[in-house]
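Here are my notes on this model. Please read them with the structure open.

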Amino acid sequence: MFKVRVYVNYKASILDPQAAVIEGAIKRLGENGVSDIRVGKVFDFVIKADSKQDAEAKVDKISDNLLANPNMESYDFTVTEVN
């Protein structure tokens, strides 16, 4: 079994309106050194697979077909074996 964490964010070319609002609010708080905020989603789950490579292939398929919109979002993930 493998523990999985999938990170989903808008692609850099896509406007992230929620991040823009947050960045503006931070600046209104007087914190001017903050920039390039990205808002995303995190998915945690456990998956059964015969190997780490098999788990990664399954997670890639799940992420591409369900968790992320490939037209607007990119994703990355980590896979860790659990005992």
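1. Is Val 82 buried, partly exposed or exposed? Val 82 is partly exposed, because its relative accessible area is 32% and the partly exposed class runs between 20% and 50%. Keep in mind that this is a predicted model. Val 82 sits in the segment that follows strand 3 (73-81).

2. Val 82 also belongs to a surface patch. Its partners in this nonpolar patch are Met 1 and Val 46. Together the three residues have about 250 Å² of accessible area.

3. Next, the core. The largest nonpolar core has eleven residues. They are Phe 2, Val 4, Val 6, Val 8, Ile 47, Ala 49, Ala 55, Val 59, Leu 67, Ala 68 and Val 79. Strand 1 (2-10) and helix 2 (52-67) each contribute at least two of them. Strand 1 gives the most, four residues. In soluble globular proteins, nonpolar side chains tend to be buried together.

4. Look at Val 8, one of the core residues. Leaving out residues up to four places away in sequence, Val 8 touches Gly 40, Lys 41, Phe 43, Leu 67, Ala 68, Glu 73, Ser 74 and Tyr 75. Of these contacts, Leu 67 and Ala 68 are also listed in the core.

5. Check the backbone at Asp 36. Its phi is near 55 degrees, a positive value in a residue other than glycine. Most residues other than glycine have a negative phi. Asp 36 lies in the loop between helix 1 (17-28) and strand 2 (40-47). Asp 36 is exposed, because its relative accessible area is 68% and the cut-off for exposed is over 50%.

Conventions:
Residues are numbered from 1 along each chain as its sequence is written. This is a predicted model: local features need pLDDT of at least 70, side-chain atom pairs count only at pLDDT 80 or more; totals for chains, interfaces and linings use all residues. Side-chain values use heavy atoms; hydrogens and water are left out. Patches are made of residues with over 30% relative accessible area and no salt bridge: like charges are joined within 9 Å, nonpolar side chains (Val, Leu, Ile, Met, Phe, Trp, Tyr) within 5 Å. Accessible areas come from the Shrake-Rupley method with a 1.4 Å probe; for residues, only the protein chains shown count as cover. A salt bridge is a side-chain nitrogen of Lys or Arg within 4 Å of a carboxyl oxygen of Asp or Glu. Helices (H or I, at least four residues) and strands (E, at least two) are DSSP runs, numbered from the N terminus. Buried means under 20% relative accessible area, exposed over 50%, partly exposed in between (1.4 Å probe, protein chains only). A nonpolar core is a set of buried Ala, Val, Leu, Ile, Met, Phe, Trp, Tyr and Cys residues joined through side-chain atoms within 4.5 Å. Contact means heavy atoms within 4.5 Å.
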